[in-house]
Protein chains: 2
Amino acid sequence: MRAEIIAVGSELLLGQITNTNATFISARLAEIGIDVYYHTVVGDNPDRLKKAIGIAEKRADLIVFSGGLGPTKDDLTKETIAEMLGTHLKMNNEALVSIEDYFLRTGRMMTENNKKQALVLADSVVLKNRNGMAPGMALEKSGVSYILLPGPPHELEPMFEREAIPYLLGALGNKEVIVSRVLKFFGIGEAELEHRVQGILQKQSNPTIAPLASQDAVILRITAKALSTDEAEKLIAPVEKEIRDLVGEFIFGINNDTLSSKAADLLKKAQLTIAAAESLTAGQFMSELAGESGISSSLKGGVVVYNDDMKVEQLGVSRSLLKEYGVVSSECAEALARSAKLKFGSDIGVGLTGAAGPDPHDGKPVGTVWIGIALQDGDVKTFKLDLSGTRNTNRRRASQYALYYLIKELKKRIVENKILD
Amino acid sequence: MRAEIIAVGSELLLGQITNTNATFISARLAEIGIDVYYHTVVGDNPDRLKKAIGIAEKRADLIVFSGGLGPTKDDLTKETIAEMLGTHLKMNNEALVSIEDYFLRTGRMMTENNKKQALVLADSVVLKNRNGMAPGMALEKSGVSYILLPGPPHELEPMFEREAIPYLLGALGNKEVIVSRVLKFFGIGEAELEHRVQGILQKQSNPTIAPLASQDAVILRITAKALSTDEAEKLIAPVEKEIRDLVGEFIFGINNDTLSSKAADLLKKAQLTIAAAESLTAGQFMSELAGESGISSSLKGGVVVYNDDMKVEQLGVSRSLLKEYGVVSSECAEALARSAKLKFGSDIGVGLTGAAGPDPHDGKPVGTVWIGIALQDGDVKTFKLDLSGTRNTNRRRASQYALYYLIKELKKRIVENKILD
């Protein structure tokens, strides 16, 4: 099966946004064994879109569209495809009800434009949109499969995973199952990870191992094809073990784990509460933890102390400590962690201080960060980072490292105390 | 002049990297008035590359290639183009010397493959590579211009700016300039905004008006072509005024403004300090403000109070208030805002409370949020939101609305006090 991805949107051609959808779709299609031969980007222009479709139909068996399903008059992907395939649009009641619901709930005014989003191609399979209004569509005509997806990545990605992939596997008549296991790493670069596991990477064909880097983690995705899930898992297990033996110390989680979900999970399992005192991150660490539902039993709260006076007044950090060691120091991170724990009566306290940039802070170069973790037994660990990003990547990185070190400490304590094994 | 960008590289089709080069080149071409009609991505396959070039030659006057100029046998962009144009490659001495230099300097061994990188298309203008080995090329044949650029962005971007743009401007003999002005909206959906300004949108050709939605804002980009910047600005001004007269209440900033940069800017101009007490957002509001460099003179800090006890203990919110009105209430948001202001001795206090989801909170449905803003004169404003997203989009939206209402209040106060006009 040869695939082409057509992204529709003038903003892509103006360089206002990047075609990350093509990256996402391509990676997923590769996993299920579909080769992508071309990506095409075309603007919100029906004639040029028609020509692009005409070209794609000659060189692909599967065309995946992203974008152009919105409510405005520029959005014309489904209208253009309907015209080219000699079919028509019809109202999809389920989609219409969900759009009406949205406007009722939010008290906003629904316009005629919004109704247009519930129109789908006749004879298409409707792909449910759990994160937005425009439904996706899938249909087959004259030997070519067409899949239409909405443009916003947070709508497209879950729709592709949950709706389009099963549709495609069904259409392929594929009896094989594809099972993936994702190992998530932190604290190691993609190049170094790849270098260290090179020997394993090279000898594999089933399962395959694909390294990937995202903003949040470095990933190894192990993917096996087999006639049953069991069999696929049996192919994956020894490869995973080999990888863990080599670089297991950097693995913080698997599959959908994120640093914050893993930390929240471990806090919950260990029945420990947490509080934080944040300087350079200014709430980002707590906010990332709070993204996890069910965190309210673990996260008591914390303080953002953005200058020296506040650290003294709000948390009782001693002025002499700040004077002696400076605000960007192991001692200050420890004091912040201890104070947060004490003030909020939590089991664990986390402190973050550093020079985010663009200028050095208190004599310390940009990117110097200290993280303190005060544990339930009175012990305090501190960690130093030397980051090299911009102000905001440094702040984000610092929060992530705090979660990573928290995970490592929790795992250690939990294993030692046999709460988990 | 109609342009097409062809990126060459199988790693793009496998979803291992994203075509950010197309974004970069498109934005730069738009600025010099060249319309990009298509992006194409094709793998390291000479037959398919030839076909893609054949298609592009029929629909574009300018084809910009990225990638495929490396030393390996997969790199075949210039070889394929030479074949298609009936020309040949010749050694470029300047490029060869600079490659040899590189290997001498780094002490690495030069292979025959590396010499291949110094081969350029006969009769092409060589575009110097200051950050790598492969030179770029530009040439014109049968009315079509071809520009070949290396794939790595840190090589491509400076080469495009310093070598390709001057080449193109010379080739165009173009005297026109392109000026854009971006208006940024919040609190109004893309569809509704477009509906309200439809009359203005339809009658425009120069300037053009393009609506765009991102995660953070809805945007109208007004773009004028003229013989001078002055003249272009004169075309933009009356259109901007018309738009402001209709929907100005939703405009929070222009061009590169974000909600946080605008809020930080206004706080600084008004010389006001701020503190926050956050429940559902758990530090996200403060963290977004802290992303702006120079915020330390305005942001004193704040408290994250994630459950009722903490609101009482850390901020002195009265238990009877929480009992009478509930924790998701105008009264609680007001108490949080007042307490933050008092506790941190700031001019302004912001309070955020609500039900982020997935479950209702304190009897209030998911998406109900109250924002309180305690102002320097003792006045407190509260705002209610009914959001309809997931836990994390609700939390993000709540932070953004808090910034938006803060901006509106700051603008009002600042104008009234004639600090700004």
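Q: In which loop of chain B is B:Pro358 found?
A: This model is predicted. The peptide bond from B:Gly357 to B:Pro358 is cis, with omega near 5 degrees. Following chain B along its strands, B:Pro358 is found in the loop between β15 (348-354) and β16 (368-374).

Q: Which residue comes before A:Pro207 in a cis peptide bond?
A: A:Pro207 has its place in chain A, in the loop between α8 (190-203) and β10 (208-213). The bond that leads into A:Pro207 is cis, and its omega is near 5 degrees. The residue on the other side of this bond is A:Asn206.

Q: What is the phi of A:Ser142 near?
A: A:Ser142 sits in the loop between β7 (136-141) and β8 (144-149) of chain A. Its phi is positive, and A:Ser142 is a residue other than glycine. The value is near 50 degrees.

Q: Which residue in the hairpin of β16(A) and β17(A) takes a positive phi near 95 degrees?
A: Strand β16 (residues 368-374) and strand β17 (residues 380-386) of chain A pair in the antiparallel sense, over seven bridges. In this pairing, A:Thr368 has A:Asp386 in β17(A) as its bridge partner. The hairpin has five residues between the strands, and the residue with the positive phi is A:Gly378.

Q: How many residues apart are A:Glu288 and A:Arg396?
A: A:Glu288 and A:Arg396 form a salt bridge, with their closest N and O atoms 3.5 Å apart. A:Glu288 belongs to helix α11 (residues 284-290) of chain A, and A:Arg396 belongs to helix α15 (residues 391-416) of chain A. The pair links distant parts of the chain, and the separation is 108 residues.

Q: What area is buried between domain 2 and domain 3 of chain A?
A: The domain assignment places domain 2 at 177-254 and domain 3 at 259-416 in chain A. The centres of these two domains, taken over C-alpha atoms, are 31 Å apart. Nine residues of domain 2 are in contact with 10 residues of domain 3. Carbon and sulfur atoms give 53% of the buried area, which is about 840 Å².

Q: How many residue pairs are in polar contact across the interface of domain 2 and domain 3 of chain A?
A: Salt bridges across this interface number zero. Polar contacts are found there, with both residues at pLDDT 80 or more, and the number of pairs is three.

Q: Which residues of chain B lose the most area to chain A?
A: The contact between the chains takes 65 residues from chain B and 68 residues from chain A. The area buried between them is about 5400 Å², and carbon and sulfur atoms give 56% of that area. Three residues together make up 10% of what the chain B side buries: B:Leu13, B:Tyr38 and B:Tyr306.

Q: How many residue pairs are in polar contact across the interface of chain B and chain A?
A: The side of chain B that touches chain A has 28 nonpolar, 25 polar and 12 charged residues. A search of the whole structure finds 40 salt bridges over all chains, but the count between chain B and chain A is zero. For polar contact, with both residues at pLDDT 80 or more, the number of pairs is 24.

Q: What is the bridge partner of A:Val42 in β2(B)?
A: Strand β2 (residues 35-42) of chain A and strand β2 (residues 35-42) of chain B run antiparallel and are joined by five bridges. In β2(B), the partner of A:Val42 is B:Tyr38.

Technical notes: Residues numbered from 1 in each chain as written. Chains lettered and ligands numbered in written order. Predicted model: local features only at pLDDT ≥ 70, side-chain atom pairs only at ≥ 80, totals over all residues. Heavy atoms only, no water. Contact = heavy atoms within 4.5 Å. Buried area = accessible area lost by both parts, 1.4 Å probe. Salt bridge = Lys/Arg side-chain N within 4 Å of Asp/Glu carboxyl O. Polar contact = N/O pair within 3.5 Å; in protein donor to acceptor, adjacent residues only side chain to side chain. Nonpolar A, V, L, I, M, F, W, Y, C, P; charged D, E, K, R; others polar. Pairing = 2+ DSSP bridges. Helix = DSSP H or I, 4+ residues; strand = E, 2+ residues; numbered from the N terminus. Domains from an automatic or database assignment.
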